[in-house]
Amino acid sequence: GPGSQIAACDAMVSYAIKGGKIRVLNRETAAKTLLRGQERAVSDLAFAPANRADEWRHLASCYEDGTTRVWSLKAVSSGEEIEAAQELAFGSQPGVRVAWGSETRLATAVGE
């Protein structure tokens, strides 16, 4: 089935918006962060399982061209714009889905 256009963890909620951008809302402060740098539409979003003692949260985003990005976000943020992210290319395979096996292990699957 289709991927997710929204993802949440203990500290934040993220959702895809036009132009391949992702909006992240901090649950505690309501601060907004904008993730950009990809033109293609987001096909899936997933947060890594959170370690509450860690100040960072990790969000994986997949795009229609088959690329995947991992964004590292501070759990407590005053809002900002972020353009750079670790990018993982799995070839131009449309329909990539993303899932975290653990806090640091990212898995992707191709297909409908």
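# Briefing: cores, strands and salt bridges

The largest nonpolar core has 17 residues, and Ile22, Leu35, Leu59, Trp71 and Leu73 are those with the most contacts inside it. The elements that contribute two or more residues to this core are S2, strand S3 (22-26), S5, S6 and S7. S5 provides the largest share, 3 residues. The model is a predicted one. In the protein chain there are 11 strands and 0 helices.

**Overall make-up**

- Along the sequence, the protein chain reads β-β-β-β-β-β-β-β-β-β-β.
- Of the 112 residues in the protein chain, 38% are buried.
- The protein chain exposes about 6100 Å², and 49% of that area is supplied by carbon and sulfur atoms.
- Among contacts in the protein chain with a separation of 6 or more, 43% are between residues 24 or more positions apart.

**Strand S5 and its partner**

- Strand S5 covers residues 42-47, and 6 of its 6 residues are buried, so S5 is largely enclosed by the rest of the structure.
- S5 and strand S6 (residues 56-63) run antiparallel and are joined by 5 bridges.
- Phenylalanine 47 has leucine 59 as its bridge partner in S6.
- Leucine 59 is also among the residues with the most contacts inside the largest nonpolar core.

**Leucine 73**

- Leucine 73 is located in strand S7 (residues 67-74).
- The relative accessible area of leucine 73 is 4%; because buried means under 20%, leucine 73 counts as buried.
- Apart from neighbours within four places in sequence, leucine 73 is in contact with Met12, Val24, Leu35, Phe47, Glu55, Trp56, Arg57, Leu59 and Ile82.
- That list includes Phe47 and Leu59, the residues that form a bridge pair between S5 and S6.
- It also includes Leu35, which, like Leu59 and Leu73, is one of the residues with the most contacts inside the largest core.
- Between leucine 73 and threonine 33 the C-alpha to C-alpha distance is 9.1 Å, with 40 residues separating them in sequence.

**Second core and cysteines**

- A second, separate core has 7 residues, including Ala46, Cys62, Val98 and Trp100.
- Cysteine 62 is buried, at a relative accessible area of 0%.
- Cysteine 9 is likewise classed as buried, with 10% relative accessibility.
- A disulfide is a covalent bond between the sulfur atoms of two cysteines.
- The count of disulfides in the model is 0.

**Salt bridges**

- The structure contains 3 salt bridges.
- One of them joins arginine 57 to aspartate 10, with the closest N and O atoms 2.8 Å apart.
- This pair links distant parts of the chain, 47 residues apart: arginine 57 is in strand S6, and aspartate 10 is in the loop between strand S1 (6-8) and strand S2 (12-16).
- Arginine 57 is buried, with 4% relative accessible area, whereas aspartate 10 is partly exposed at 26%.
- Arginine 57 is also one of the residues in contact with leucine 73.
- Another salt bridge is formed by the side chains of aspartate 65 and arginine 40, at 3.4 Å from N to O.
- Here too the pair links distant parts of the chain, 25 residues apart: aspartate 65 is in the loop between S6 and S7, and arginine 40 is in the loop between strand S4 (32-35) and S5.
- Arginine 40 is partly exposed, with a relative accessibility of 47%.
- In a further salt bridge, the side chains of glutamate 55 and lysine 74 meet at 3.4 Å, N to O.
- Glutamate 55 belongs to the loop between S5 and S6 and lysine 74 to strand S7, so this salt bridge ties together parts that are 19 residues apart in sequence.
- Glutamate 55 is partly exposed at 45% relative accessible area, and lysine 74 is partly exposed at 37%.
- Glutamate 55 is, in addition, among the residues in contact with leucine 73.

Conventions: Residues numbered from 1 in each chain as written. Predicted model: local features only at pLDDT ≥ 70, side-chain atom pairs only at ≥ 80, totals over all residues. Heavy atoms only, no water. Buried < 20%, exposed > 50% of the residue type's maximum accessible area, 1.4 Å probe, protein only. Helix = DSSP H or I, 4+ residues; strand = E, 2+ residues; numbered from the N terminus. Pairing = 2+ DSSP bridges. Contact = heavy atoms within 4.5 Å. Disulfide = S-S within 2.5 Å. Areas by Shrake-Rupley, 256 points an atom, 1.4 Å probe, with all protein chains shown as cover. Salt bridge = Lys/Arg side-chain N within 4 Å of Asp/Glu carboxyl O. Core = buried A, V, L, I, M, F, W, Y, C linked by side-chain atoms within 4.5 Å.
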